[in-house]
Every structure is written in C-alpha cells, then in structure tokens.
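Here is a short set of exercises to work through with the model open beside you. Try each task before you read its solution.

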Amino acid sequence: GVQTCALPILAGEDVAGMAANWSDYTGKVVLVDFWATNCAPCLAEFPNLKRLYRQHRAAGFEIVGVSFDESAAQVTGFAKQNGLEWRQVLNPSGQGPVAAGFQVRTIPALFLVDRQGKVAFVDVRGEELREAVEKLLK
C-alpha cells in the first residue's frame, strides 16, 4: 500500500561500527530493507536489489539493509559472499531501534523513502519495486 509518513529514526551502527544517520542520505531515494540471513524470501529479493542498485545508484538511489542477525561478522560475511555493496545496519532479533521505529515485526519488510525523506512505498518488490524507484528518481 502507499502511505506517506514521516521517517522513523535510523539509529544504531552499521556492521563496520559507523553510526547510521538519515542525514547521510539527504535528497536520495532510499530503500530500507529489513532482512536476516535465515530469511529465505529476504534473500530471494537480493538479485533484484543488486540490479537496481547498480542501475540507479548514480541517479541518487541508495539501499540501507537492516539485519535482524545477532552478529556483525555474520552479516558482513554474507554481504561479501553475495556481493551486497550497500550499508548494513544491525538490529538484532528485531528488537533494535530501527525496527521499532518502522514497526517491523516480520521480515522481509521493505520501505522506499522519497527524496523528501517520506516513506512513499511499503513492501514493494520485484518489478513493482523497480517501477517505484524509477518513479521517485524522476
């Protein structure tokens, strides 16, 4: 469904230990992707996300992965193996501040944020996600 609401907090640290902050993404179209290494439907979407990221990054498209895994090493290893080039934020077992802000209880959960910092699309994937990204980048 489409709902526009103010952006929940992006808090915590990424897997490299850097603070994650929305100000890093000002003016960009951002996909916030909640996932975990043991969530098959989450992993199934990665080939699509990688393609979108490569195609649209230069135009201002970014992805922030929010992983429910407990270990930064696990997420880093998985991202390396699978060629996920975007930033990963840890939000262990869904209890962290990012999941709470977005009210995520089940994964996969994808939020597409427009250049104004508003959530424009929720749970779009595949072809629908591509169209949404291209629309917001226009």
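**Exercise 1.** Is Ser-71 buried, partly exposed or exposed?

*Solution.* First, the ground rules. This is a predicted model, where local features need pLDDT of at least 70 and side-chain atom pairs count only at pLDDT 80 or more, while totals for chains, interfaces and linings use all residues. Residues are numbered from 1 along each chain as its sequence is written, and side-chain values use heavy atoms, with hydrogens and water left out.

Next, the scale: buried means under 20% relative accessible area, exposed over 50%, and partly exposed in between (1.4 Å probe, protein chains only). Ser-71 has a relative accessible area of 28%, so it is partly exposed. To place it, look at the loop between β3 and α3 (72-82); helices (H or I, at least four residues) and strands (E, at least two) are DSSP runs, numbered from the N terminus.

**Exercise 2.** Find the disulfide and work out its handedness.

*Solution.* Start with a search of the whole structure, which finds 1 disulfide, that is, a pair of cysteine sulfur atoms within 2.5 Å. The partners are Cys-39 and Cys-42, with sulfur atoms 2.1 Å apart. Then take the torsion about their S-S bond: it is about 80°, so the disulfide is right-handed. Finally, check the surroundings: Cys-39 is buried at 7% relative accessibility, and Cys-42 is buried at 2%.

**Exercise 3.** Test the length of helix α5 (residues 126-137), then find where its buried residues lie.

*Solution.* The expected span of a helix is 1.5 Å times one less than its number of residues. For the 12 residues of α5 this gives 16 Å, and the end C-alpha atoms are 17 Å apart, which agrees.

Now list the buried residues of α5: Leu-129, Ala-132, Val-133, Leu-136 and Leu-137. Seen down the axis of α5, they fall within an arc of 130°, so they line one face of the helix; the arc is that of the directions from the helix axis to the C-beta atoms. The spacing makes sense, because an α-helix has 3.6 residues a turn, so residues three or four places apart point the same way.

Turn to the face away from the buried side of α5, and you meet the exposed residues Glu-128 and Lys-135. The cover over the buried residues of α5 includes β2 (29-35), α2 (46-56), β3 (61-67), β5 (109-113) and β6 (118-122), with contact meaning heavy atoms within 4.5 Å.

**Exercise 4.** Which residues have the most contacts inside the largest nonpolar core?

*Solution.* A nonpolar core is a set of buried Ala, Val, Leu, Ile, Met, Phe, Trp, Tyr and Cys residues joined through side-chain atoms within 4.5 Å. The largest one has 48 residues, and those with the most contacts inside it are Val-32, Phe-34, Phe-61, Phe-102, Phe-111, Leu-112 and Leu-129. The element giving the most to this core is β2, with 6 residues. For a closer look, take Leu-112: beyond its neighbours within four places in sequence, its contacts include Phe-61, Phe-121, Leu-129 and Leu-136.

**Exercise 5.** Which peptide bond is cis, and which residues other than glycine with a positive phi can you locate?

*Solution.* The cis bond joins Ile-107 and Pro-108, with omega about 0°. Pro-108 sits in the loop between α4 (97-102) and β5. The loop between α4 and β5 also holds Gln-103, where phi is about 55°; Gln-103 is exposed, with a relative accessible area of 60%. Asp-123 has a phi near 55° and lies in the loop between β6 and α5. At 37% relative accessibility, Asp-123 is partly exposed.
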